[in-house]
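Reader: I am new to this structure and would like a close look at a single part of it. Could you take me through one strand and its surroundings, and then show me what else is there?

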Amino acid sequence: MFDLKAFRGRLIPTQAQIISQWQEGAASTPLVSVLCTAFNQGNYIEDALKSFLMQRTDFPFEIIIHDDASTDNTAAIINDYVRNYPLIIKPIFQKNNQFSINGHLPFLNTLKASVGIYLALCEGDDFWIDENKIQKQLEELESNKSVNILITKVFSLSSDNSLHHFCDLGKSKKIIPFEQCILGPEKDFYPTASFFIRKKALKNLPEWFINDAPVGDYYIHLFGSFPNGCIYLPTETTIYRINSVGSLSSMMNSERFLSLRCRSYFCGEKLLELYGGNESFKEAIIKKQVEYLFNLFLVSLKLKKLNESVKYLLKSLSLRFFYTVKYFFVQFIKILERRFV
C-alpha cells in the first residue's frame, strides 16, 4: 500500500537533474504537457507539483499550471516552484476567477497554452505516486496508434488519510470498448488524474461541450476514447482525493445536482447526434440517458417536485421501457440496502 508520509519526505530532483534525463535536452519542444488546474488548494498543490517533478522520462515535458485567482496561498506556493523550475513550470495566474464565468475555462486555458503532442491531466488536489507514470503511458500509446487515451487504476484518499482502490477494473491490461466508456465503470468513475491523451483528440471540441457540459472529465474521456476505446493499466499511478476542499463534489447540493443532471441529459442528446449512427454506441448513450433520468426522478422526489419526478419517469419509460423498469428496480433495491445496513 502507498505510504503517504514517505512520499512527502522524498527529495525532488533539481531542474538540471530533470533535464539531464531528456535525450534532446531542454532546447527541444516538450513531448508531454501536464495540465493542472487549481483554486484555493494551498493544502494540496505542493503534493501535485512534487509528483509532476518526480517524473522520470527520457523526453521533455512541461507543466502548465492554472491558478484561478485563489484567495489562499496556492499562487504563492506555485511561484516558489516556478522560481526553481522556470524551464519546466509554466504558470497561468488569473486575476478574475474563470470558473465562475465558464466552468471549462481553466482547462481550456491550459489546453490552449500547451505545446505537447500528449496531455497528462491532474487537478490541483490530486497527485501522482508513480515516478514512471507518463513514461509508461507514452510508451503504451506509442505502441497502440489506433487508441488515443489511457487510464489506470488509482487510490482514493479520504479526509482521514485512509486509502482505497479506485477504478479497479481488473489485474490485466485491457482496451475498454467505446460503448463501455459511455456507460462508465460499474463502480466509481474513470479517474481524471490518470488520463493520458493525444492532444489531437481534443482538437475540435464541440460548442455544446464548452457552453453546456456540466463537467469536463467525462466528455474529455469520451472524445479521447472515440472510436476505438481506452487503454486501461492495472497499476496504481495516482491519488484521487475524495471531497477535498474546493472540489465540485464538496460543494454539491440537491438543487445544483438537479441542474447538472439536466445538462447531462441535454449533452446526451448531443452525443446521440455525434455517435448515434453506430447502434451499439446509440444503445449505450440511451442507457446513460435512463441513468440521468433516474437521478432527476429521485432528486425531484427529494425536493417534493412531484410533477417533475413523474415527467422524468415517463420520459425514461418512453426511451427504453424494460431497461427503465429493470434499472429503477435495481437502484431502489440498492438504496434500501444502504438505508438498512
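Author: Strand 7, residues 154–157, is covered on both faces, with Val 154 and Ser 156 buried on one side and Phe 155 and Leu 157 buried on the other, where buried means under 20% relative accessible area, exposed over 50% and partly exposed in between, with a 1.4 Å probe and protein chains only. Strands here are DSSP runs of E with at least two residues, helices are runs of H or I with at least four, and both are numbered from the N terminus. The model is a predicted one, in which local features need pLDDT of at least 70 and side-chain atom pairs count only at pLDDT 80 or more, while totals for chains, interfaces and linings use all residues. Residues are numbered from 1 along each chain as its sequence is written, and side-chain values use heavy atoms, with hydrogens and water left out.

Strand 7 runs antiparallel to strand 8 (residues 163–166), to which four bridges join it; two strands count as paired if DSSP finds at least two bridges between them. Val 154 has Phe 166 of strand 8 opposite. The two strands form a hairpin with five residues between them, and in the turn Asn 161 has a positive phi of about 70 degrees. Strand 7 also pairs with strand 12 (residues 238–241), this time in the parallel sense and over three bridges, and there Leu 157 has Arg 241 as its bridge partner.

Elsewhere, an open sheet of eight strands with mixed pairing follows the order 3-2-1-4-10-6-11-9. Its edge strands, each pairing on one side only, are strand 3 (89–93) and strand 9 (174–176). Within this order, strand 6 (residues 149–152) and strand 11 (residues 230–233) pair in the parallel sense over three bridges, and Ile 151 stands opposite Tyr 232 of strand 11. Helix 4 (residues 74–84) packs on the sheet, touching strand 1, strand 2 and strand 3, and its direction makes about 150 degrees with that of strand 3; contact means heavy atoms within 4.5 Å, and such angles run from 0 to 180 degrees between the N-to-C directions of axes fitted to C-alpha atoms, for helices over the stretch in contact.

Finally, helix 10 (residues 254–275) has buried residues that include Leu 258, Tyr 265 and Leu 271. The buried residues of helix 10 pack against helix 7 (178–183), helix 8 (207–212), helix 9 (217–225), helix 11 (279–302) and helix 12 (306–319).
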